[in-house]
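Please keep the structure open in your viewer and follow the selections below in the order in which they come.

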Amino acid sequence: MDEFLARALLGGFGVALAAGPLGTFVVWRRMAYFGDTLAHSGLLGVALGTMLGINPELGVVGACLAVALALVLLQRQHALATDTLLGILAHTTLSLGVVALAFMETVRVDLVSYLFGDILSINIADLCWIWGGNLLALGALAWLWRPLLAATVHEELARVEGVPVFPVRLAFMLLIAVVIAVAMKVVGILLITSLLIIPAAAARRFARSPEGMAVLASAFGCAAIGLGLWASLRWDTPAGPSVVVAATGLFLFGLALPGRSWH
Amino acid sequence: MSAKTLLTVENVNFAVRGNPILQDVNLRVAAGEIVALIGPNGAGKSTLVRIVLGLLRPDGGRVSLQPGARIGYMPQRMTVADTLPLTVQRFVTLGTRASRERVRAALAEVGAARVLDAPVQAISGGELQRALLARALLREPELLVLDEPVQGVDVNGQYELYELIGDLRRNRGCGILMVSHELHLVMATTDHVVCLNRHVCCSGHPDHVARDPAYLELFGSEGARNLAIYHHHHNHRHDLHGVVVATGERDDG
């Protein structure tokens, strides 16, 4: 196997492993649009990171967190609904990112690779970021699992039972920010949410427990990475979008299979 | 009843954007006592419950809970998203870790043992209410707070749930604060009724409240007529699963 392909697979698997379990929570909590908004703000993070001369990944985590906090604060007023706020934040941050990058004439940034990913150019340093970030996210999620699940099912009941709901929610947002920052290289800002949502959605029909669904989502995600990369090489298609199309293919295939229907 | 006081609510006030929701509300729940909070929609019942639970901070007044007392809370009717695969056993243990045997015992106590391994989305409204009650019981609470415990349950099921709540008080000796919007259903089980419409309109023994002019004004003659209807006795009932049971017995699942 070519070395660049091995790195691409390793990087993709690293992202898919963490995106699966986090994605199940995104699906359970109906936060797909929220994930999308954080991802869009990633480009602003790249611009800020470049401007400040720090690592773009750190810039992305910072921007995602800032947007998550801004949302929490904006939600305190009740004049505008959350999806409206998300729409404002998503497109403002994405546009601000593009505008900011345009101002930096000395820096050449490949916009398309940030928007749609550049998995075939992953290097060793990227791999360290991806696996470090994702193992950290997975570990933290395992630690948060019980309180986060309780808060997801019923927030007030969880609070009465002693779950510190607000810190748990913030920690969960931080984890999503970390995964978005490191997944950007793989599928790009515009498609990251799909790696959170589609494998989790595909796993639902075959899962009997929350944990089972998380593990299955990881497996579906890894399969999508493998399948998408193979298709990308076979037909010379862009890798990131190919991975997403593969994930959707798996999802549709799962729908056709006789699932373990519960009801 | 002169048992020790579990919960005291003193002169609680609460307003939303200057709009008073609760004014000078007082309330007391003792161990082994069932207090029903009744009132029309928008009377502030749920707000008061949320203040008692510590989910909302009152603008004025005091809420004191006996030190160390644990609260078991049963929220208003809820649904669990279909996207989340969760059995009743897992649902019941989300708040408290417990062995399968303990969960089974708690579900049996509320008459819902047979749904132990069912998906929580596939059980009936009455069964879900019982599962919520079992989840509250696993905490070994001194005080049970039940917000509209019979919402979405048919009339016979409501009757059974209230009987079950009465049994829990007898067997466990815990104090119970429950919200209902109808007096006639809670009359038989309740020791003390607080009729709330932003302030406490009247309170006391259920028979006393039923004849109180403030109550009649709030609920009209409709409420009074319902009371008459519910004073007759059924000669049989149906349990959770539709089986006819003789009155005075309960299905333990």
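Begin by selecting L216(A) in this predicted model, where the residue has its place in helix α10 of chain A. Is L216(A) buried or exposed? With 22 other C-beta atoms within 10 Å of its own, L216(A) is buried, because the count for a buried residue has to be 20 or more.

Keep L216(A) displayed and add A203(A), F206(A) and A207(A), which L216(A) touches when residues up to four places away in sequence are not counted. Then add L17(A), which is 199 residues away from L216(A) in sequence, while the C-alpha atoms of the two residues are 9.8 Å apart in space.

Next, select the contact between the two chains, to which chain A gives 20 residues and chain B gives 17 residues. On the side of chain A that touches chain B, at least two residues are supplied by each of α1 (3–28), α6 (124–153), α7 (155–160) and α10 (210–235). The largest share of this side, 4 residues, comes from α7(A). If you colour the side of chain A that touches chain B by class, you should find 11 nonpolar, 4 polar and 5 charged residues.

Finally, hide chain A and select the whole of chain B, in which there are 8 helices and 11 strands. Chain B has 253 residues, of which 43% count as buried. If you draw the contacts in chain B between residues at least 6 apart in sequence, 68% of these contacts join residues at least 24 apart.

Terms used: Residues are numbered from 1 along each chain as its sequence is written. Chains are lettered from A and ligands numbered from 1 in the order in which they are written. This is a predicted model: local features need pLDDT of at least 70, side-chain atom pairs count only at pLDDT 80 or more; totals for chains, interfaces and linings use all residues. A residue is buried if 20 or more other C-beta atoms lie within 10 Å of its own, exposed if 12 or fewer, and partly exposed in between; C-beta atoms are placed from the backbone. Two residues are in contact if their C-beta atoms, placed from the backbone, lie within 7 Å. Ala, Val, Leu, Ile, Met, Phe, Trp, Tyr, Cys and Pro count as nonpolar, Asp, Glu, Lys and Arg as charged, and the others, Gly among them, as polar.
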